[in-house]
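I opened my notebook for this chain and its ligand, and I kept the entries short. Here is the structure I was looking at.

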Amino acid sequence: MVVALLDSSPEAFAEHLVSELGTRRAFAVTDPKRGRVLVSHASLQPLADFLERERRDFHDHEGLFFEVGQDCGVLMAAVIHSTRRGNSQGGLRYWPYPTTETFVRDGLRLAQGMTRKNALAGIWWGGGKGLIARGPDDRWRDPTFRARLYQEYGRFTTSLGGCYVTAEDAGTRAEDMESVFATTRFTTCIPPRLGGSGNPSPATALGVVRAMEGALDHLGLGTLEGKRVAMQGTGNVAAAMIGDLLAAGVAGIVASEISSERATWVRTRYADAGGRLEVRVVERGDHSILGEACDILAPNALGGVLNPDTIPKVQTTIICGAANNQLLDEQRDAEALRARGIVYVPDFLCNRMGIVSCANEQYGRLPDDPAIQQHLGRAWANAVFNVTKRALELAEAERITTASAANRLADSLAQVEHPIWGHRGQAIISSLVATHWERGVS
Ligand code: NAD
């Protein structure tokens, strides 16, 4: 039955929980002693079987918690990959999913990605992901509905006792985080007027630039001075990056942008670039910028742009950009880039500053915060520059892709337990199971 449900919509799964099982909550957790998946309801055993069989996206995730909100009736989830380095943290995605399986798989994949991103960044967080299934109706456009929905997600997060700490992600806006914060303390990325860290884009841009410098240094190509950079997109991160690159003395930047208004804004902002900046307005499907001859290519707009169509056309030495999930297929496309001798800096390594800048909001803010700045310098072993070099060296030494090398470094760091709290998140998950969390709302 559940296997069939995995093929049906998240709305049908929610309906099944409420009408057939008479519950609004369900979970599947990995039993830390036996390594088997336990489910909250016997009839969800096929979900446990699916996870245990599934080796692509499920990697002994510590827990998956589902709730059908009492107020909005929408399926929400928190997917927890690891809490070894600290409670799991990762953004909340509000997205339409055709099936429950795609909903679950997205959560599994993204949660593991957050374990790796956080570990590689040297921050004391595990990895998790929040999901809200966006229905086929238009309610997601209504601000009043959104406020109720995100408050409901906040209550759900509170019920998890802190083993998952949420944040902003695709489909979620700054104002939604305010609603989440109204009903839970277990969130980061709240607006500055409530004590949060604000727009992370300038820090993200600088982090990517530090990774570019690490890659150049690794290749013995000196500094950014005199280099040519091509970039896709001139949005929040890219616009800040243009300023950083011009300040570093690059010879030229050519950028593509689908919005002519945005292109005009960027040209005006850097009117003093003295001919070193060209912004081309392109059609949405035009990826010709990826074939531009340059020293560094920075995909700063969309995921999936490095694929069998585009990789053969790439004419660069280094690829290093802010966009998430640049490789359409991580293994295949990383291998194709390696075969072409192109050094690809994995996105989850170089765009870490988005999460870093909001991750530790609870410790307060300082001007030129040393907790943030250490990522952008060279003194700290986990600084972006140093980790980039370490991953590229490992890839070269082991003859593996840079993505595999970065994953290997990340997976090893992810095993290190929090220096103060140990594996407390696992204890929280076990307590939720022992106290029948699933019976909490009816
Ligand atoms: P953004 O929406 O401000 O910028 C994206 C820009 O790309 C927009 O100006 C858009 O018009 C343009 N664009 C879209 N499709 C294009 C195409 N086919 N060709 C050329 N231009 C195109 O987003 P952002 O905050 O700058 O983030 C950029 C990327 O970096 C995203 O993938 C995001 O997930 C990732 N990222 C951002 C942060 C952050 O701190 N903002 C952190 C980590 C990762």
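My entries below go from the whole chain to the ligand and then to single residues.

**Entry 1: the whole chain**

I noted before anything else that this is a predicted model. I then looked up the secondary structure and found 16 helices and 14 strands in the chain.

Next I checked the overall dimensions. Along the principal axes, the C-alpha atoms fill a box of roughly 65 × 45 × 45 Å. I also compared the radius of gyration with what a compact globule of 442 residues would have: the expectation is near 22 Å, and the chain has 22 Å, so the two agree.

I asked myself what share of the 442 residues counts as buried. The answer was 56%. On the outside, the chain exposes about 18,300 Å², and carbon and sulfur atoms supply 51% of that area.

Last for this entry, I looked at contacts between residues at least 6 apart in sequence, and 68% of them join residues at least 24 apart.

**Entry 2: around the ligand**

Which residues come nearest to the ligand? I found 21 residues around it, and Thr204, Asn236, Val237, Glu257 and Asn324 come nearest.

I went through the polar pairs one at a time. Thr204 uses its side chain: an N or O atom there is 2.6 Å from an oxygen atom of the ligand. Val237 uses its backbone, with an N or O atom 2.9 Å from a ligand oxygen. Ala301 also brings a backbone N or O atom, at 3.2 Å from an oxygen atom of the ligand.

How much of the ligand does the protein bury? Taken alone, the ligand exposes 830 Å², and the protein buries 77% of that.

I then traced the shell back to the fold. The elements that give two or more residues to the shell are α7 (201–218), α8 (236–247) and β10 (252–257). Sorted by class, the shell has seven nonpolar, 11 polar and three charged residues.

**Entry 3: Ala238 in α8**

I stayed with α8, since Ala238 is found in that helix. Is Ala238 buried or exposed? Its relative accessible area is 1%, which is under the 20% cut-off, so I wrote it down as buried.

Leaving out residues up to four places away in sequence, I saw Ala238 touch Met231, Gly233 and Asn300. I also paired Ala238 with Ala322: they are 84 residues apart in sequence, and their C-alpha atoms are 8.0 Å apart.

**Entry 4: Thr388 in α14**

I moved on to helix α14 (residues 384–398), where Thr388 is found. Thr388 has a relative accessible area of 0% and is buried. Where does its side chain find a polar partner? A polar atom of that side chain lies 2.7 Å from the backbone oxygen of Val384.

Apart from neighbours within four places in sequence, Thr388 is in contact with Ala211, Gly214, Ala215, Val345 and Leu349. I went back to my note on α7, which spans 201–218.

**Entry 5: Ser88 and His16**

Ser88 lies in strand β5 (residues 88–89). I found Ser88 buried, with a relative accessible area of 0%. Its contacts beyond four places in sequence include Gly126, Gly127 and Gly128, and also Cys163, Tyr164 and Val165. Ile80, Ser82 and Thr83 are among them too.

His16 lies in helix α2 (residues 10–20). With a relative accessible area of 7%, His16 is buried. I looked up its separation from Leu44 as well: the two are 28 residues apart along the chain, with 11 Å between their C-alpha atoms.

**Entry 6: two positive phi angles**

I kept the backbone for the end. Most residues other than glycine have a negative phi. Which sign does phi have at Asp60? Asp60 is not a glycine, yet its phi is positive, at about 50 degrees. Asp60 is found in the loop between α3 (45–53) and β3 (63–68), and at 44% relative accessibility it counts as partly exposed.

Asp368 is another non-glycine residue with a positive phi, here about 45 degrees. I placed Asp368 in the loop between α12 (353–359) and α13 (370–376). At 66% relative accessibility, Asp368 counts as exposed.

Key. Residues are numbered from 1 along each chain as its sequence is written. This is a predicted model: local features need pLDDT of at least 70, side-chain atom pairs count only at pLDDT 80 or more; totals for chains, interfaces and linings use all residues. Side-chain values use heavy atoms; hydrogens and water are left out. A residue is near a molecule or strand if one of its heavy atoms lies within 4 Å of it. A polar contact is a pair of N or O atoms within 3.5 Å; within protein, one must be able to donate a hydrogen and the other to accept it, and residues adjacent in sequence count only if both atoms are side-chain atoms. Accessible areas come from the Shrake-Rupley method with a 1.4 Å probe; for residues, only the protein chains shown count as cover. Helices (H or I, at least four residues) and strands (E, at least two) are DSSP runs, numbered from the N terminus. Ala, Val, Leu, Ile, Met, Phe, Trp, Tyr, Cys and Pro count as nonpolar, Asp, Glu, Lys and Arg as charged, and the others, Gly among them, as polar. The radius of gyration is taken over C-alpha atoms; the globule rule is 2.2 Å times the number of residues to the power 0.38. Buried means under 20% relative accessible area, exposed over 50%, partly exposed in between (1.4 Å probe, protein chains only). Contact means heavy atoms within 4.5 Å.
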